[in-house]
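This report describes how one protein chain is packed and how it meets the RNA strand modelled with it. The account moves from a buried element outward to the surface that faces the RNA.

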Amino acid sequence: MTLKIYNTLKDTKEEFETLEDGKVKMYSCGPTVYDYFHIGNARAFIVPDIVKRYLEYKGYEVMHVLNFTDIDDKMIKRANEEGITVDELAEKFITAYFEDTDALNIKRADVYPQATEHISEMINLVKTLIDKGYAYEKNGDVYFRVDKFDEYGKLSNKKIEDLQAGSRVDVNEEKEDPLDFTLWKESKAGEPEWDSPWGQGRPGWHIECSVMSTKYLGEEFDIHTGGVDLTFPHHENEIAQSEACCGHEVVNYWLHNGYINIEGEKMSKSLGNFFTTRDILDKYPAEVVRFFLISKHYRSPINFSEENMKDAAKSLERLENTVDRVKYLLKQDVQDGELKGAELFELVAEKKEDFIAAMDDDFNTSLAIASLHELAREVNKFIDQDDFVLTIDVKKALEKVKETFEELGIEVLGILKTTEETENDLVPDLVELLLETRSDLRDQGNYEMADQIRDELSNLGVAVKDTPQGAEWKIKE
RNA sequence: GGUGGCAUAGCCAAGUUGGUAAGGCGAAGGACUGCAAAUCCUUCAUGCCCCGGUUCGAGUCCGGGUGCCACCUCCA
């Protein structure tokens, strides 16, 4: 089984090969920490999370770097509005970033570099670019000479002539060419600023990623992720800077995730359909949000809507119900009988293979989830068969089912809840006691009382359902 | 104008090197149940935007249309 990844640079799916055996180096464009991140950002953070989890599942050791942009126009503007420093603003929203990504069960990266901590390296890179003739200084600003970099446009398939023809780029008298982009920007009064050979100023946006990616991952690394909209100009410029400096390609695989629309429309503040991830987590359980975000292939646009969230919740619930049934059975005593679990073992192996094949095909989470649904249905069917008996052999097979759901659903996709075994046995014991009483009441035909117990338990957060083997219960969300 | 992408059942959505349409939601009927919940069974695309072409065979390739979206400007 080989993993294939769609590489924006080549516009095709390629077999994934790492630079170093068994190790993957990955860089993700992180947030500008001037506000709570929005639901679209959430996808850009979940996509690399899925990539990382799956690579780790396949046995790779993954080194993941995700940056925080903590200095730019938006940062300065917002800090001024709130009457705090840019540093304070950054700190506040970095904390918020971790709260929200933790809620979404996104694994932490290995390094979270911040732009302002790498100013001297950025200055050095700019100097090198000037020395090599790829950049020039003009009145305290430094620009990248796009024309000088022959391969400019190779990531986004743009031709320099086309860009110039349809140019909507700001006219800037200082630039030799309107396409040239800023590497270093002279500061205005009151703005955060750093010393540089070109006077007081601050870095341009693109330069930080060139510096921080190569600093932590080396001059060549495996994967770079980001949203589609970053393809141009951000990543195109990053390539120009890094390659002009190094003289060779830096990134092997460029991954770009698709956009999120809201009720079919582009999310924007002017349309009033702008949602932070925080807003959404207030409204929906985090697992559902995560499930929704990975229920469609990462490169396709995805539409956020009430109805789609409702569907996602139901779809996820179906998987969880099955896992709960299995867990419940695993707690029961084995019974004598002839029923074998071979069929289940076979089933698990088959669906797991499907799952892996799906993920190997450019992280097709949509298909992968479908294989879990198929597994769930077949397992339910097995449990529901007329002559079902929980023999020791069946129990072993169910144990395997549970392990597989945990391996694929929790470890790889991060959508199912982990089994937090109740440390204290008192609650289960009390519930069992009540259910025994209720069972007696039912035998006596006293359904009124029996239903009352069920209702009261439901109010307390305990869902009860009756099965031929007796009443089952679980703690509700 | 340039570049890239998308168009599959009521809705969401997958479709590997072309081989005879996954999965989810929803709906209907049935089974089970005192009721409920969950679950199981059956049904819901002779067809994948339209028109041509290649092929024994195309959702899948080629050509031409139509519609939608994104990017080209800060943006995940």
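In helix H9 the buried residues are Ala286, Val288, Val289, Arg290, Phe291, Phe292, Leu293 and Ile294. Because eight of the nine residues of H9 are buried, this helix is largely enclosed by the rest of the structure. The description rests on a predicted model, and every value quoted is computed from that model.

The loop that runs between helix H9 (286-294) and strand E13 (302-304) holds histidine 297. Is histidine 297 buried or exposed? With a relative accessible area of 15%, histidine 297 is buried, because residues under 20% are counted in that class. Leaving aside residues up to four places away in sequence, histidine 297 touches Arg43, Asp361, Asp362, Phe363, Asn364 and Ser366. With one of these residues, aspartate 362, the histidine 297 side chain makes a side-chain to side-chain polar contact of 3.3 Å.

Over the whole of chain A, 50% of the 477 residues count as buried, and the secondary structure amounts to 15 helices and 15 strands. The C-alpha atoms fill a box of roughly 95 × 50 × 40 Å along the principal axes. Among contacts in chain A with a separation of 6 or more, 76% join residues that are 24 or more positions apart. The chain is divided into domain 1 (19-257) and domain 2 (426-475), and the centres of domain 1 and domain 2, taken over C-alpha atoms, are separated by 58 Å.

The largest nonpolar core comprises 134 residues, and Ile39, Phe144, Ile223, Leu398 and Leu413 are those with the most contacts inside it. Helix H1 gives this core its largest share, ten residues. A second core, separate from the largest one, has nine residues, including Val431, Ile453, Leu457 and Val462. Returning to isoleucine 223, and again not counting residues up to four places away in sequence, its contacts include Ile5, Phe16, Val24, Met26, Val51, Leu55 and Leu255.

The remaining part of the report concerns the RNA. How many residues surround RNA strand B? There are 52, and the closest of them are Trp205, Gly227, Lys296, Asp311 and Asp384. Of the atoms of RNA strand B that come within 4 Å of the protein, 66% belong to sugar and phosphate. By residue class, the surface near RNA strand B divides into 13 nonpolar, 17 polar and 22 charged residues.

Several elements each supply at least two residues of that surface, among them helix H1 (39-57), helix H5 (160-165), strand E9 (221-227), helix H10 (306-330), helix H14 (426-443), helix H15 (447-459) and strand E14 (462-467). Helix H12 (365-384) also belongs to this group, and H12 provides the largest share, nine residues.

The bases of RNA strand B are also approached by polar atoms of the protein, and the table sets out three such pairs.

| Protein residue | Protein atom | Atom of RNA strand B | Distance |
|---|---|---|---|
| Glycine 40 | polar backbone atom | base nitrogen | 3.3 Å |
| Arginine 442 | polar side-chain atom | base oxygen | 3.1 Å |
| Arginine 454 | polar side-chain atom | base oxygen | 2.7 Å |

Glycine 40 thus takes part through a polar backbone atom, whereas arginine 442 and arginine 454 each present a polar side-chain atom to a base oxygen.

Note on methods:
Residues are numbered from 1 along each chain as its sequence is written. Chains are lettered from A and ligands numbered from 1 in the order in which they are written. This is a predicted model: local features need pLDDT of at least 70, side-chain atom pairs count only at pLDDT 80 or more; totals for chains, interfaces and linings use all residues. Side-chain values use heavy atoms; hydrogens and water are left out. A residue is near a molecule or strand if one of its heavy atoms lies within 4 Å of it. A polar contact is a pair of N or O atoms within 3.5 Å; within protein, one must be able to donate a hydrogen and the other to accept it, and residues adjacent in sequence count only if both atoms are side-chain atoms. Helices (H or I, at least four residues) and strands (E, at least two) are DSSP runs, numbered from the N terminus. Ala, Val, Leu, Ile, Met, Phe, Trp, Tyr, Cys and Pro count as nonpolar, Asp, Glu, Lys and Arg as charged, and the others, Gly among them, as polar. Domain bounds come from an automatic or database domain assignment. A nonpolar core is a set of buried Ala, Val, Leu, Ile, Met, Phe, Trp, Tyr and Cys residues joined through side-chain atoms within 4.5 Å. Buried means under 20% relative accessible area, exposed over 50%, partly exposed in between (1.4 Å probe, protein chains only). Contact means heavy atoms within 4.5 Å.
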